[in-house]
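I opened this notebook to keep track of what I looked up, entry by entry. The notes go from open spaces to enclosed ones, and then to the strands and helices around them.

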Amino acid sequence: MRLLFLAPYLPSPPQSGAPRRVHGLLTELARRHEVTILAFSVPGEDTEGARRATGEYCVEVVTVENDHLDRALTGKRKRAVQLRSLLAMHSFERLAYYHPLFQRALDDLAARRDFDVVTVEHAQMACYRLPSGPRLILDEHNIEYDILWRTTTAEKPSIRKLYNWANYQKLRCEERAAWRQFDGITLTSARDELLLRRDASRKLTAVIPNGVDTSFFNPSGIAVEPDTILFFGAMNYYPNIEGILYFLNDIFPRVKRQRPGARLLVVGQQPPPSILERASDDIVVTGLVDDVRPYLERAAVAIAPLRIGGGTRLKIVEAMSMGKAIVATSLGAEGLHVKDGVDILLGDTAEDFARHVVRVLDDPLLAQRLGEAARHSAEAQYSWWGAVNRLERFYGELPPSRRTR
């Protein structure tokens, strides 16, 4: 089939969770189908390098530079867009992700090529006028308004909370309206599918889980550094920021009292000042790295102390594939087929989370047992081949092409 994907980023080389999902799905799809991608690029990134990497499996890679998106998501410009959205009918996300040049590029692609399926990555990108002929799929990495709801309810009363509440109302309306224009919607977890079907009971849906390249994320036997704790993920993503601050403020001091030599590695792109200012001999903040695997190899335990989020966490699946002992909150592990005490340890209070981390640091045999079970689970349940096999079946469940209706 001829497949077109619309995304707010080029997926290769994959450097954070969402691009990893798109990279994993598209590289596997490209073995049997003709894949084209239209994506945003932002000033300052290695666009040509990303285009070459993505072009290794896509027959055509089209990019639209969007300096507005980069400014809207970071720095002072973000506050201006937030203020504008407060006074507008549209959500912050709609104002940040819409660009007329992207629409022009999409129209040009649709005029030049006949696509069988067009997939939109993320609800934020569903603001464009889509081709009328192909079947249309929305890939919901998360239910976006649900994350904003969880963020709002977790916050203390503040101007930020009021703003997030107002934006949540707009985003919920926009996301639910977007669902109506698609022939089918894919989601990463059964929970998100149930949440969607509560509002759109007749919509055709499928759970296409996040996966992992188990040959790439494969333990090599490098010696673990005792007392090393690893958190990795995009550090410009609020649920990750909130989660690591929770760990630093409420959990890490408890760990240090029992394991004074404990050291935390925080690995991920664009850490904010609230994280950077915590850097010390015991708290290493790396920023973006080319390859997270060496950090996973060295870590005695990987953590996911998340209290906000949706979908499923690729960071956990990748740590599982690397044979790591993992400690997470129940929400952090939400949607994954894991079992507390078998291939993961779950702690939903600071005391329980710290206790589990200390248990793993104290007992290398426990860490080994958990890691081996996690690796087995990753191989059995989270291959990209399995995810794409389900996605291809979903293509067959879609209504006929709009051209033949």
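Entry 1, a pocket. Before reading off a volume I noted the term: a pocket is an open set of grid points with protein on both sides within 12 Å along at least five of seven lines. I also noted that this is a predicted model. I then looked up the second largest pocket, and its volume came out at about 410 Å³. Its lining is made of 22 residues, and those lying nearest its centre are Val224, Gly323, Lys324, Ala367 and Gln368. Helix H14 and helix H15 (364-381) are the elements that give two or more residues to this lining, and H15 gives the most, with six residues. Sorting the lining of this pocket by class, I found 12 nonpolar, four polar and six charged residues.

Entry 2, the cavities. I asked how many cavities of 30 Å³ or more the structure holds. I found two. The largest cavity encloses about 60 Å³ of space, and among the residues that line it are Phe5, Arg21, Thr119, Glu121, Asp139 and Tyr395. Helix H1 (17-29), strand S4 (117-121), strand S5 (135-140) and helix H16 (384-397) each give two or more residues to the lining of this largest cavity, which divides into six nonpolar, two polar and three charged residues.

Entry 3, strand S4. Having met S4 at the largest cavity, I checked how covered the strand is, and five of its five residues are buried. Val117, Thr119 and Glu121 point one way from S4, while Val118 and Val120 point the other way. On pairing, I noted that strand S1 (residues 2-7) runs parallel to S4 and is joined to it by four bridges, with Leu4 having Val118 as its bridge partner. S4 is also joined to S5 by five bridges, again in parallel, and there Val117 stands opposite Arg135.

Entry 4, the smaller enclosed space. The second largest cavity holds about 40 Å³, and its lining includes Phe232, Ala302, Ile303, Lys315 and Ala319. Strand S11 and helix H13 are the elements that give two or more residues to it. By class I counted seven nonpolar residues, no polar ones and one charged residue in this lining.

Entry 5, the open sheet. I followed S11 into a sheet of six strands, which is open, has parallel pairing and runs in the order S10-S9-S8-S11-S12-S13. Strand S10 (283-287) and strand S13 (345-346) each have a single partner strand, so one side of each is left without a neighbour in the sheet. Within the sheet, strand S8 (residues 228-232) pairs with strand S9 (residues 263-267) over five bridges, and Phe232 has Val267 of S9 as its bridge partner. Helix H14 (residues 350-362) packs on this sheet, where it touches S8, S11 (301-304), strand S12 (326-328) and S13, and its direction makes about 165° with that of S11.

Entry 6, a residue in H13. Is Glu318 buried or exposed? Its relative accessible area is 3%, and because the cut-off for buried is under 20%, I recorded Glu318 as buried. Glu318 sits in helix H13 (residues 314-321), and, leaving out residues up to four places away in sequence, it touches Arg20, Val212, Phe217, Phe232 and Leu296. Phe232 thus came up again, having already been noted in the lining of the second largest cavity.

Note on methods
Residues numbered from 1 in each chain as written. Predicted model: local features only at pLDDT ≥ 70, side-chain atom pairs only at ≥ 80, totals over all residues. Heavy atoms only, no water. Pairing = 2+ DSSP bridges. Contact = heavy atoms within 4.5 Å. Axes fitted to C-alpha atoms, helices over the stretch in contact; angles between N-to-C directions. Buried < 20%, exposed > 50% of the residue type's maximum accessible area, 1.4 Å probe, protein only. 1 Å grid on protein atoms, 1.4 Å probe; cavity = no way out; pocket = protein on both sides within 12 Å on 5 of 7 lines; lining within 4 Å. Points joined across faces, edges and corners; volume = space filled by probe spheres on them. Nonpolar A, V, L, I, M, F, W, Y, C, P; charged D, E, K, R; others polar.
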